[in-house]
Amino acid sequence: MEKKTSTFNNALIWFGAGVSIAEILTGTCLAPLGFGKGLLATLLGHGIGCVLLFFAGLMGARTGKSSMETAAMSFGNRGVALFAILNVVQLIGWTGIMIYDGALAANGAWDIGSWVWALVIGALILVWILIGIENLGKINVIAMTLLFGLTVILCVIIFRNGGGEVVDDGSISFGGAVELSVAMPLSWFPLISDYTREAEKPFRATMASAVTYGVVSTWMFLIGMGAAIMTGTGDIAEIMLKAGLGVAGLLIIIFSTVTTTFMDAFSAGVSAGSISRFLKTKPVAVAVTVIGTVGAIVFPMDDITDFLYLIGSVFAPMIAVMLADFFLLKRDSSGMAADWVSFLIWLAGFALYRWLLHVDIPVGSTLPDMLATMILTFLVKNLIVRSKKVHMQ
């Protein structure tokens, strides 16, 4: 009998996803708004993103399918291959970015060479992968307890010492800050079903996953924003040093990077199975980790803002089509040419998202793009179904 994951284990997995250097770094970008506006943008963005993340995960939880398998219900087997390839590419990118950021930050705390830290982090991710998601329960409890304690200490130090000066240099608007906050949960849309599909209790596990991630990611954003305001810098290593954390800060950097990046590499392996049945999860996950580690050593990856927006433009309309099919139309495209109809709607959603990036909307680009794409999906597919019925009469 296949081993299922408990609601608690799903929550732990998404706690690990939320405790991330990338989240803290993105939070530092909101500092020019000041703490009040930055807090509002963070809460609004995560609220939007995590509601959508819940529904994306619920599809996999109810059907027992991976993220790319649920995408096949809307885009067909040929169409989903494209998104599986794009997903694997973005996950390789995320793996490299996370290892790069973690290694750079760790080296700032203990200067032995960023490439050494990249190898250490990459090796630990491989250990997580080889242990396997089904057997990570006790290890995750220990790692998450450690991370929770350390991040509480970091949070207390930062906000107790507050009082930094905010200089609004116009580098980010409120709508842009909301979109960055949405972009982090959005980046998990093509992954969440890879984990919720294994849940013992689908609804509870999905809810626990989305809520846990939302709360923890918001917390990381606020730590990053508060630290940037307090120290006047977005450099994680400098923030840790100014907070006086030393070894504790180093442990936060390493374990938060490992627990988050493991999920990227593992899901790349799951998605690869939608490209070819000969591609197996663990070997691909190992390969992705190795490629990401090499990339982190060789290439500079300091600014991920454009990368986040690219992910949004690809996967927000994809998930919107899937949500409309699953929850509104109550069917997997009604057996009609799912791949080309859904793909054309996705293209329209993609173009709309890219255009919306140049429009300052208080709720960001993701929500209006997904709503418009869902409405378009509902109208077009209903029209096609009605046309078929007329021709059959």
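**Entry 1: T212 and S209 in helix 9**

I began with T212 in this predicted model and looked up its contacts: leaving out residues up to four places away in sequence, T212 touches A11, W14 and F15. T212 is found in helix 9, which covers residues 202-231. I then asked whether T212 is buried or exposed. Its relative accessibility is 18%, and the limit for a buried residue is under 20%, so T212 counts as buried.

I next turned to S209, which also has its place in helix 9. S209 has a relative accessible area of 0% and is therefore buried. Beyond its neighbours within four places in sequence, S209 is in contact with N10, W14, I192 and T196. I noted W14 here again, since W14 is in the contact list of T212 and in that of S209. I also looked up a pair distant in sequence: S209 and F54 are 155 residues apart along the chain, yet their C-alpha atoms are separated by 7.7 Å.

**Entry 2: Helix 2 against helix 9**

I stayed with helix 9 and examined its crossing with helix 2, residues 21-28. The two axes come within 7 Å and cross at roughly 50°. The angle makes helix 2 and helix 9 oblique to each other, and I recorded the crossing as right-handed. Which residues meet there? From helix 2 I listed E23, I24, T26, G27 and T28. Their partners in helix 9 are Y213, S217, M220, F221, G224, M225 and A228.

**Entry 3: The nonpolar core**

I then looked up the largest nonpolar core, which has 115 residues. Which of its members touch the most others? They are W14, W94 and M318. Helix 4 gives the most to this core, with 16 residues. For M318 I checked the contacts beyond four places in sequence and found M68, F75, F83 and W346. I noted a general tendency beside this: in soluble globular proteins, nonpolar side chains tend to be buried together.

**Entry 4: M98 in helix 4**

I selected M98, which lies in helix 4. With a relative accessibility of 1%, M98 counts as buried. Its contacts, not counting residues up to four places away in sequence, are S20, I21, A22, T257, T260, T261 and D264. I also compared positions along the chain: M98 and S256 are 158 residues apart, while 9.6 Å separates their C-alpha atoms.

**Entry 5: Helix 11 and helix 12**

I checked the length of helix 11 against its expected span. Its 26 residues should span 38 Å at 1.5 Å a residue, and the end C-alpha atoms are 37 Å apart, so the two values agree. Helix 11 is mostly covered, with 23 of its 26 residues buried.

I repeated the check on helix 12, residues 281-298. Its 18 residues reach 26 Å from first C-alpha to last, close to the 26 Å expected. Which residues of helix 12 are buried? I found V284, A285, V288, T289, G292, T293, G295 and A296. The elements covering them include helix 4 (67-109), helix 5 (114-131) and helix 11 (247-272).

**Entry 6: Helix 4 against helix 12**

I followed one of these covering elements, helix 4, to its crossing with helix 12. The axes come within 8 Å and cross at roughly 50°. That angle makes helix 4 oblique to helix 12. The crossing is right-handed. On the helix 4 side I listed L91, I92, T95, G96, I99 and Y100, which meet V288, T289, I291, G292, T293 and A296 in helix 12.

**Entry 7: Helix 3 against helix 7**

I looked up one further pair, helix 3 (residues 35-63) and helix 7 (residues 174-186). Their axes come within 7 Å and cross at roughly 40°. An angle under 35 degrees would count as roughly parallel; helix 3 and helix 7 are therefore oblique to each other. Helix 3 passes helix 7 in a right-handed crossing. The residues that helix 7 brings to this meeting are F174, A177, V178, S181, V182 and P185. Those of helix 3 include K37, L40, A41, L44, H46 and L53.

**Entry 8: The whole chain**

I closed with totals for the protein chain. Its secondary structure comes to 15 helices and 0 strands. Of its 393 residues, 57% count as buried. Among contacts with a separation of 6 or more, 86% join residues 24 or more positions apart.

Terms used
Residues numbered from 1 in each chain as written. Predicted model: local features only at pLDDT ≥ 70, side-chain atom pairs only at ≥ 80, totals over all residues. Heavy atoms only, no water. Helix = DSSP H or I, 4+ residues; strand = E, 2+ residues; numbered from the N terminus. Expected span 1.5 Å × (residues − 1). Buried < 20%, exposed > 50% of the residue type's maximum accessible area, 1.4 Å probe, protein only. Contact = heavy atoms within 4.5 Å. Core = buried A, V, L, I, M, F, W, Y, C linked by side-chain atoms within 4.5 Å. Axes fitted to C-alpha atoms, helices over the stretch in contact; angles between N-to-C directions. Parallel < 35°, antiparallel > 145°, perpendicular 65-115°, else oblique. Left-handed = near helix turned anticlockwise from the far one by under 90°.
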